[in-house]
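User: I've got a model open and I'd like to talk through its pockets and charged contacts. Can you walk me through it?

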Amino acid sequence: MRVDLHLHSTASDGIFPPAHVVQEAARRRIALIALTDHDSVDGIPEAAATAIQEGVTLIPGVELSCEGEGEVHLLGYGLDVNCRGWRGFLEGQQRERWDRALGMIRLLKAQGCPMDEEEVLGRATHSVSRTHIAQALVAMGKVSSIKQAFAQYLGAGCPAYLPRTPLPVAEAIGWLRQAGGVPVLAHPGLLPMRGDAVERNIRQWREQGLMGLEAHYPGHTTSQSGNFDRLARALDMLVTGGSDAHGATVRPNRMGEGLESWTRAQKERDARALWRVSACKVGELPE
């Protein structure tokens, strides 16, 4: 069974609409996917409707950016996208994203980049991100790629960078659990911490309600994936994996690929374990 539990669409900074993401999963014969847009579940209804048509099994998801000894990303699976308190929380997160984007655009203007705010923000159909600003910089000819835009202007420490308002990991876990979601730590191998700090934080977040680790990820080394897989199982946590595909112009990760460290037998068991604890889902897993 092919699985990809970390995908993005135009509901955040992906380049394809939710329906296209699901159709591509069907074309690639990926049986189970999760749409996990940044601070947005706006793509879930379209993805769910297309999943039914295409015979793809879908878990509604989201990705939250948090703060915990540096930037931490959490994936939430199987959540109720219509939970009233949760929707209010997400609206606040998206307002903060818009305010940050406007501030970064002002900084770019001050540095001689005559950007049109409406044109830049119009690139975001739902949740705006630095990627949308990067795309505008490429279109203006200021940089040759999104990667260069981040390296020169938008990355941490760069002239147009503004930090986000910190969201503590424990608070984000609480919001995900309130919406009935399953909180999973995204790409732990990319955490900005070293040595035993990673495991120490994972153990602490587990006590706060974290339920799983995205052990299998294209940006992990084989050793990292194996270590996180073993740690999750030792702590009786869920194991997940995903490509983090956004579309080739944003990053090279391709749907369903880069997960070779996740053996076929493990993948099926792990996918079924996540499926069982996910309250909201679309379709049925193949036998």
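What follows is a set of short questions and answers on this predicted model.

User: Let's start with the overall build. What radius of gyration does the protein have, set against a compact globule with 287 residues?

Analyst: The protein holds 10 helices and 7 strands, and its C-alpha trace spans about 55 × 45 × 40 Å along the principal axes. A compact globule with 287 residues would come out near 19 Å, and the protein agrees with that, its radius of gyration being 18 Å.

User: What share of the residues in the protein is buried?

Analyst: Start with the contacts: among those with a separation of 6 or more, 72% are between residues 24 or more positions apart. As for burial, the cut-off is under 20% relative accessible area. Of the 287 residues, the buried share is 57%.

User: On to the pockets. Which residues are closest to the centre of the largest pocket?

Analyst: The largest pocket takes in about 1,100 Å³ of space. It is lined by 41 residues, and the closest to its centre are Glu 71, His 73, Arg 130, Phe 150 and Arg 251.

User: Which elements give two or more residues to that lining, and how does the lining divide into nonpolar, polar and charged?

Analyst: Two or more residues each come from β3 (57-67), β4 (71-77), α3 (84-110), α5 (130-140) and α6 (146-154). By residue type, the lining of the largest pocket splits into 19 nonpolar, 11 polar and 11 charged.

User: And the second largest pocket: which helix gives the most to its lining?

Analyst: The second largest pocket has about 240 Å³ of space. Its lining counts 16 residues, with Phe 16, Ala 245, Gly 247, Ala 248 and Met 255 closest to the centre. They divide into 8 nonpolar, 5 polar and 3 charged. The top contributor, with 3 residues, is helix α1 (residues 18-27).

User: Is Gln 135 buried or exposed?

Analyst: Gln 135 sits in helix α5. Beyond its neighbours within four places in sequence, Gln 135 touches Ile 15, Arg 123, Ile 146 and Val 250. The relative accessibility of Gln 135 is 18%, so it counts as buried.

User: Now the charges. How many residues apart in sequence are the parts that Glu 257 and Arg 28 tie together?

Analyst: A search of the whole structure turns up 14 salt bridges. In one of them Glu 257 pairs with Arg 28, with the closest N and O atoms 3.3 Å apart. Glu 257 is in the loop between β7 (238-241) and α10 (264-277), while Arg 28 is in the loop between α1 and β2 (32-35), so the separation in sequence is 229 residues.

User: Which partner in that pair is buried, and which is partly exposed?

Analyst: It comes down to relative accessible area, where buried means under 20%. Arg 28 has 15%, so the buried one is Arg 28. At 31%, the partly exposed one is Glu 257.

User: What about Arg 200: which residue does its side chain meet in a salt bridge?

Analyst: The N to O distance for this bridge is 3.2 Å, and the partner of Arg 200 is Glu 69. Arg 200 lies in helix α8 (residues 197-207) and Glu 69 in the loop between β3 and β4, so the pair ties together parts 131 residues apart in sequence. Arg 200 is partly exposed at 42% relative accessibility. Partly exposed too, at 43%, is the partner asked for, Glu 69.

User: Which residues do salt bridges with shared partners join into one network?

Analyst: Some bridges have partners in common, and that links them up. The members of the network are Glu 24, Arg 27, Arg 28 and Glu 257.

User: Last one. What is the relative accessibility of Asp 39?

Analyst: Asp 39 is found in the loop between β2 and α2, and its phi is positive, about 50°, although it isn't a glycine. It forms a salt bridge with Arg 164, the closest N and O atoms being 3.1 Å apart, and both Arg 164 and Asp 39 are buried. The pair links distant parts of the chain, 125 residues apart. Asp 39 counts as buried because its relative accessibility is 0%.

Terms used:
Residues numbered from 1 in each chain as written. Predicted model: local features only at pLDDT ≥ 70, side-chain atom pairs only at ≥ 80, totals over all residues. Heavy atoms only, no water. 1 Å grid on protein atoms, 1.4 Å probe; cavity = no way out; pocket = protein on both sides within 12 Å on 5 of 7 lines; lining within 4 Å. Points joined across faces, edges and corners; volume = space filled by probe spheres on them. Helix = DSSP H or I, 4+ residues; strand = E, 2+ residues; numbered from the N terminus. Nonpolar A, V, L, I, M, F, W, Y, C, P; charged D, E, K, R; others polar. Buried < 20%, exposed > 50% of the residue type's maximum accessible area, 1.4 Å probe, protein only. Contact = heavy atoms within 4.5 Å. Salt bridge = Lys/Arg side-chain N within 4 Å of Asp/Glu carboxyl O. Rg over C-alpha atoms; globule rule 2.2 N^0.38 Å.
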